[in-house]
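These are my notebook entries on one structure, written while I looked up its confidence, its strand pairing and its aromatic contacts.

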Amino acid sequence: VAEVTTDPIIRIEAGMHTSRIASVSTDSQGRYALTVSLDQTARIWEIASGRQLTVIRPPLGMSLASGIFSPDASQVTLCINQTLLIFDLNGRLLQTVPISAEVAYGLAFSPDGRWIAIACPNGLEIRDLTTPSFVATDMAYGGPAIMVTWASDGRLATTGKDGKIRLYNFKLGRLEKPSLVSGKSGKEPSTLAFSPDASQVAVVYSDKPAMDLFDGKKMQYKSSLPIAPETKTLSTLTWHANGKSIYAAGNNWKGSLSNRIRRWDIATPASPMDINAGSGFIDGICARPDGSLLVADHTPSLGLIDSVGNYREVVTSPIASFLGQRDSFALDATGKTIQFSYVSQSFSPTAPAPWSFRLYDRNLQTGPFTGAKPANTSQLKITDWFDSTNPKLNGKPLTLSLGDISLNYAIAPDNQFF
């Protein structure tokens, strides 16, 4: 771990994250949650009460990439700068484990809490936390592993940027050669999850709004679940604790539908139920043993969906949401007066009118101002850009970094840059 400065650094503590929640996980009993945010903090919560137990802040200059709760709720593991840092629930550092990967796109604990699997830029890495020692790798992906998950019987599955789904047997610390299959409904499988009994694997895709079910033993395709026509992609999923239902959501529903979670009952998949939850794009969902669902949204806030589909907020966002602002975000000709909204009309059609702020005298006023000019978006042919991983210029795809989403754009006055 890099040397930590002893100089004091002022930070605002709002009682909740002040940026998007990148990942959320719970212990096996659903008592506690770990959230990791782009604000570079990790927070531990008591789910039932919404009480924050601990805030973990990496030193400035270090990159907090991902995190996960141990099954027995005794510790949390964070990936920071090529190192796994293991903390107890009070935020006390217990152990550091160097890893070979530059970054962890995903972490997953084995059911017994002994092994941790890491989705890396070049494949899969597994560590034994009791030693801790290097155990096994598969770096034959030809690119990044996107996600990794464990089955209740100790097997693993991953998705890769190469479009393959890999199923591994893992016994006594030995990683066997995987079975490889391609996605069925899409070319870019992203998130996946075993059913509680490990008999099925659900997979969603980053390039297409689809969910497929595969056999959990041989990864043979079984069926596809019906997707709402307004869905663009799905990014997070979880099985109900009883294995009879599955939930999925994404940050790509259109407008006011962005906070919907779809539930399919496996016995009657043709009749799914849509649940409104949170106030923005859904970033993560976790099933709890009592049948409820923990939900993390983009605003950011945390909430619970009970077994019959009722949502209640547990932790409220402390910040304004600027997502989905297009015409409401504007400048005057001098660039010294800004117009914006605290709540996007993309998510709430009844959102109040925009506000304005003058830089030169720091004056904040309700209501729009005369002469407000939104971003220039009409001089270049940019398509498929809103809430998308595949924006295009003149029909040609623009390359985004892994995990990035296009939400807005503006063209320079000379039309040479955007």
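Entry 1, confidence. I began with pLDDT, which is the predictor's confidence in each residue, from 0 to 100, and with the elements, where helices (H or I, at least four residues) and strands (E, at least two) are DSSP runs numbered from the N terminus. This is a predicted model, in which local features need pLDDT of at least 70 and side-chain atom pairs count only at pLDDT 80 or more, while totals for chains, interfaces and linings use all residues. Residues are numbered from 1 along each chain as its sequence is written, and side-chain values use heavy atoms, with hydrogens and water left out. For the protein chain I noted an average pLDDT of 88, with 93% of the residues scoring at least 70. Among its elements, the highest mean pLDDT, 98, belongs to strand 15 (residues 164-168), and the lowest, 83, to strand 35 (residues 373-374). I keep in mind that predicted coordinates should not be read in detail where pLDDT is low.

Entry 2, the sheet of strands 1 to 4. I counted two strands as paired if DSSP finds at least two bridges between them. Strands in the order 1-2-3-4 make an open sheet of four, with antiparallel pairing. Strand 1 (21-26) and strand 4 (51-56) are the edge strands, each pairing on one side only. From one strand to the next the twist averages 20°, taken between axes that are lines fitted to C-alpha atoms (for helices over the stretch in contact), with angles running from 0 to 180 degrees between N-to-C directions. Strand 1 is joined to strand 2 (residues 32-37) over five bridges in the antiparallel sense, and there I found Ile21 opposite Ser37 of strand 2.

Entry 3, the sheet of strands 5 to 8. Another open sheet of four strands has the order 5-6-7-8, again with antiparallel pairing. Its edges are strand 5 (64-69) and strand 8, each of which pairs on one side only, and the twist averages 20° from one strand to the next. Strand 7 (residues 83-87) pairs with strand 8 (residues 93-98) over five bridges in the antiparallel sense. Thr83 has Pro98 of strand 8 as its bridge partner, and Leu84 stands opposite Val97 in strand 8. The two strands, 7 and 8, form a hairpin with five residues between them, and Gly91 in the turn has a positive phi of about 85°.

Entry 4, aromatic pairs. I searched the whole structure and found five aromatic pairs, where rings of Phe, Tyr and Trp (its six-membered ring) pair if their centres lie within 6.5 Å, planes under 30 degrees apart counting as stacked, over 60 as edge-to-face and the rest as tilted. Trp115 and Phe170 are edge-to-face, because their ring planes stand at 85°, with the centres 5.1 Å apart. Trp115 lies in strand 10 (residues 115-120) and Phe170 in strand 16 (residues 170-171), so this pair ties together parts that are 55 residues apart in sequence.

How buried or exposed is Phe170? At 9% relative accessibility Phe170 is buried, which means under 20% relative accessible area (exposed is over 50%, partly exposed in between, with a 1.4 Å probe and protein chains only). Trp115 is buried at 11%, and Trp150 is buried at 9%.

The rings of Trp150 and Phe170 have their centres 5.6 Å apart and their planes at 80°, so this pair is edge-to-face as well. It links distant parts of the chain, with Trp150 in strand 13 (residues 145-150) and Phe170 in strand 16, 20 residues apart. Trp115, Trp150 and Phe170 form one aromatic cluster.
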